[in-house]
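Trainee: Could you take me through one part of this protein slowly, with each term explained as it comes up? I would like to look closely at the charged side chains that pair with one another, and then at what lies around them.

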Amino acid sequence: MTEDAVGPGLPQDLPAASALGAFLHEPPPGTPAEVVEALTLMAGDPADPLPPRLFFESVEQAPVAISVTDAKANILYANAAFEALTGYDRAEVLGKNESILSSNATPESIYQQLWRTIQRKRPWTGTLINRRKGGADYLAELTISPVLDAAGRIRYFLGMHRDVTREHELTVALRQQKTRIETVLDAAPVVVVLLEADGRIILDNQEYKKLLGDLRGREPLALLRAALREQAGFDPLERAAAGQGFRDIEISLEVPGSIGPRWFACSGTAVNESDSSPSGFFIRGDAGDQRLLLLANDITARRREIERAHLENLRARLAEQQLAQGMREALTAASFQLQVPLNMIRAASSMFKDGSGNPALFADMLGQITRAGETALATLHAALPPEVPEPGVNVNINELLRHVLALETDNLLAAGVVVDWQPALVLPELSGHKNELRSLFKHLIDNALQALHEGGGSQRALRLATRALDDAVEVIVEDNGPGIPAELRIKVFEPFHIGWRNRRGRAGMGLALAQEIVNRHDGSIEIDTDYRDGCRVRVTLGNVPPH
């Protein structure tokens, strides 16, 4: 400002407010009274805690770009923040239309909506793409409010805007990062699910959804948790709540329609997410919500390769076991058969010794026969293969039954038998002897195959099912053969009882040995008397550890 504009005798560097005060204190001669009144109104009373000048200075020094236009959007005022943001000096924009800041990148419909709103005397808030003096675009978060006169007519528009380009870039970057993570998760060949502390699912991926479809709508999470509890002995959410994780815990799930179970290697990581509530704004560290990131890698193919090799080994071991068992059955039968004539010889020998018989020589001969028979009997007993005690381990009955079915596949196919396999989806393990239990199931399946063969029916069906009881596991072996007459349902478990028409190669020890194995596992075996369409054998096996 020039000296004349400021007033005579006033220094040029005097602040505007002080200069105005000095001017009003001693107006130059000839100053119109209306001017003095207007300036006094603008400057206000220095004793007033909120003088009118304060409002002007507040707008001028505000960190938000502020402009005032007339009713046609021609700029009448712009503050310092407006200059800094747009790159325009006030002198360059005063009298210009606000459209000087417009960019062609903003859709016309946005401007139409803006004008419709403010012409209705309502404020409008939105985002526009503005252009700086140098030609660079920026995102402006804009609020325009109409200023009305005493008659309610629009006289001015108050505009406030700030640069939100950086916030937009961060939002887009966050959205892109989220998309990348979701893409990676969905492409990952691993089941991924993020859980709340109460078990609710926050996030899952495509593999989880595929597993949901394979399970025919049953929630995979519920089955995975149940399998970890039953097979690994812990609940994953309880681990996460304690801030603990786990790694590569192998579990199996029974999936409808699958050949055998699906195996998964499960890993879990406790995740602590920041508290998103307003009260948690200043809190850092582990003050948020505890969550569980659960991964389940399908290792079914690898497990089946291992099982295939294991089955080959089992096939050889079972062949040896069957050979030894056949020898035991044959020798036991021979011993039993020799016992009868040997008893008769003992009786005859005793009779002659008592004087009932005649020649003493014959008595001596009978004595020699008796001794030779006893020697033969001792030799037969000595020829019996010794039973090697098998250590007790935790046993999955579903797994053992599948092994035996795999070993019997050729026989089942050759006999034209349709197998209905209905395992329990989750079955507790029990303490038992694997080889003995395999022999038990093989006896029962062989028995059912023989029944189907002698029944001669064209539709041959074998059903195997398992289920968990309170403290035991039940196995059902069911065939649609001729069944067992009521009077023989107990006798069939007696040693050397043979009820088949074709007795060749059979010693009648199969069900007797099966009952011995069941007894050693604190269980029971019985023929279901209520089943009329063949034979149903119910086997209950105890030794299930308490939960």
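Mentor:
**A network of charged side chains**

R463, R467, E474, E478, D528, R536 and R538 are joined in a network of salt bridges, where a salt bridge is a side-chain nitrogen of Lys or Arg within 4 Å of a carboxyl oxygen of Asp or Glu. Side chains of opposite charge can pair when their charged atoms come close.

Before going further, please keep in mind that this is a predicted model, in which local features need pLDDT of at least 70 and side-chain atom pairs count only at pLDDT 80 or more, while totals for chains, interfaces and linings use all residues. Residues are numbered from 1 along each chain as its sequence is written, and side-chain values use heavy atoms, with hydrogens and water left out.

Within the network, the side chains of E474 and R538 meet in a salt bridge, at 3.3 Å from N to O. This pair links distant parts of the chain, since E474 is in strand β15 and R538 in strand β17, 64 residues apart; helices (H or I, at least four residues) and strands (E, at least two) are DSSP runs, numbered from the N terminus. E474 is buried, with a relative accessible area of 6%, whereas R538, at 21%, counts as partly exposed. Here buried means under 20% relative accessible area, exposed over 50%, and partly exposed in between, with a 1.4 Å probe and protein chains only.

Now look at the nonpolar residues. The largest nonpolar core, a set of buried Ala, Val, Leu, Ile, Met, Phe, Trp, Tyr and Cys residues joined through side-chain atoms within 4.5 Å, has 38 residues, and those with the most contacts inside it include F441, V539 and L541. Strands β15 (473-479) and β17 (535-541) are among the elements that each supply at least two residues of this core, and its largest share, eight residues, comes from helix α16. Not counting residues up to four places away in sequence, F441 touches I397, L400, L401, V404, V475 and L541, a contact being heavy atoms within 4.5 Å.

For another example of charged pairing, turn to D149, which forms a salt bridge with R153, the closest N and O atoms being 3.3 Å apart, and also one with R155, where the closest N and O atoms are 4.0 Å apart. D149 is buried, at 18% relative accessible area, while R153 is exposed at 53% and R155 is partly exposed at 41%. The structure holds 35 salt bridges.
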